[in-house]
Amino acid sequence: MHASAAQPRCSHQTRSRHPPSSSPSESSERNSPLRQRTRTVEINGTGTAHTAFGFWLKAAFGQPTTTGTTPKTHTFQSGNWTLPSMAIETAMPEVPRFAMYSGCVLDQLSWQMQRSGLLTATARLVAQGETIAAGTAAGTPTALGLQRFGHFNGTVKRNGTALGNVVSAEITYSNNLDRIETIRGDGRIDGADPTMAALTGRIEVRFSDSTLVTQAIDGGPCELEFVYSLGANASFTFTAHAVYLPIPRIEIAGPQGVQASFDWQAAKATSPARMCTAVLVNTLAGY
């Protein structure tokens with residue numbers, strides 16, 4: 001019996017590495033992208049409000065109710081389904097470049113309270129279109145009197161009583177805009193409709209008593225007021241009528257004082273039957 005070792009079998013194939021034939025127009029730019037087509041238009045922006053706070057409140061809540069002679073009291077209420085649309089122009093005269101943003105609707109308004117500094121709010125907007133020009137379309141704007149609220153003029157109240165040991169506070173009101181994205185020849189949206197509004201925030205307090213923790217455990221609401229006052233002719237009061245607090249996590253981080261954070265959320269109250277009210281007192285006739 002003869003045994004033979006199996007020999008490995010291998011084959012050698014030669015493959016052609018010549019590129020495929022191409023047309024003359026594609027001889028040197030075979031993988032280049034084609035011309036981009038016109039896309040849909042989406043315009044969002046964020047602005048900082050230092051002064052003219054009433055105009056931003058009107059954009060957030062709608063037309064106010066104005067009463068009084070001197071001073072005037074402007075009352076804004078949540079729950080308005082009709083929000084104003086604005087046109088905002090940004091000017092760069094040295095270039096020159098003047099951009100007019102039309103159909104601007106306010107989506108969110110937020111600000112903070114702290115021990116020092118000046119009140120500054122952040123406004124988030126949704127716009128419909130943009131028009132660029134070499135000259136202004138707004139003309140010469142009317143100068144408004146500068147009067148700003150300072151944080152040291154602020155007070156936080158709970159159920160009508162000043163709430164002590166507050167380190168900082170945050171307030172955010174959102175209209176939760178729903179963009180109407182229809183088929184149009186210019187690629188723009190038709191508009192933006194407000195949906196269910198939301199009012200949220202945070203208060204940071206030095207943990208000295210169990211008032212807020214007890215409310216959080218019980219699950220009941222309270223009324224929170226955020227007040228700024230510069231005297232009888234200038235004040236701003238923002239009231240959340242039914243605020244619910246979560247049970248906080250209280251941490252002992254070191255030898256310093258213990259602080260607790262409450263990420264609160266407001267809801268529609270029974271009386272008054274709305275979520276919040278903003279009252280601005282000044283000498284302006286209206287907005």
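This report walks through the largest pocket, the nonpolar cores and one buried threonine of a predicted model.

Residues are numbered from 1 along each chain as its sequence is written, and side-chain values use heavy atoms, without hydrogens and water. Because the model is predicted, local features need pLDDT of at least 70 and side-chain atom pairs pLDDT 80 or more, while totals for chains, interfaces and linings use all residues.

Let us start with the pocket. A pocket here is an open set of points on a 1 Å grid over the protein atoms alone, where a 1.4 Å probe fits, with protein on both sides within 12 Å along at least five of seven lines; lining residues have an atom within 4 Å of a point. The largest one holds about 830 Å³, a volume being the space filled by probe spheres set on the points. Its lining has 29 residues, with Trp56, Met86, Ala87, Ile88 and Glu89 nearest the centre. Strand E4 contributes the most, six residues. Strands (DSSP E, at least two residues) and helices (H or I, at least four) are numbered from the N terminus.

| Element supplying at least two lining residues | Range |
|---|---|
| Strand E1 | residues 43–49 |
| Helix H1 | residues 53–61 |
| Strand E4 | residues 86–92 |
| Strand E5 | residues 97–113 |
| Strand E6 | residues 121–127 |

Next, the interior. A nonpolar core joins buried Ala, Val, Leu, Ile, Met, Phe, Trp, Tyr and Cys residues through side-chain atoms within 4.5 Å. The largest has 46 residues, and Trp111, Leu199, Phe226, Phe236, Phe238 and Trp264 touch the most other members. Helix H1 gives the most to this core, six residues.

Finally, threonine 239 sits in strand E15 (residues 235–244). Threonine 239 counts as buried because its relative accessibility is 9%, buried meaning under 20% relative accessible area with a 1.4 Å probe and protein chains only.

Conventions:
Buried means under 20% relative accessible area, exposed over 50%, partly exposed in between (1.4 Å probe, protein chains only).
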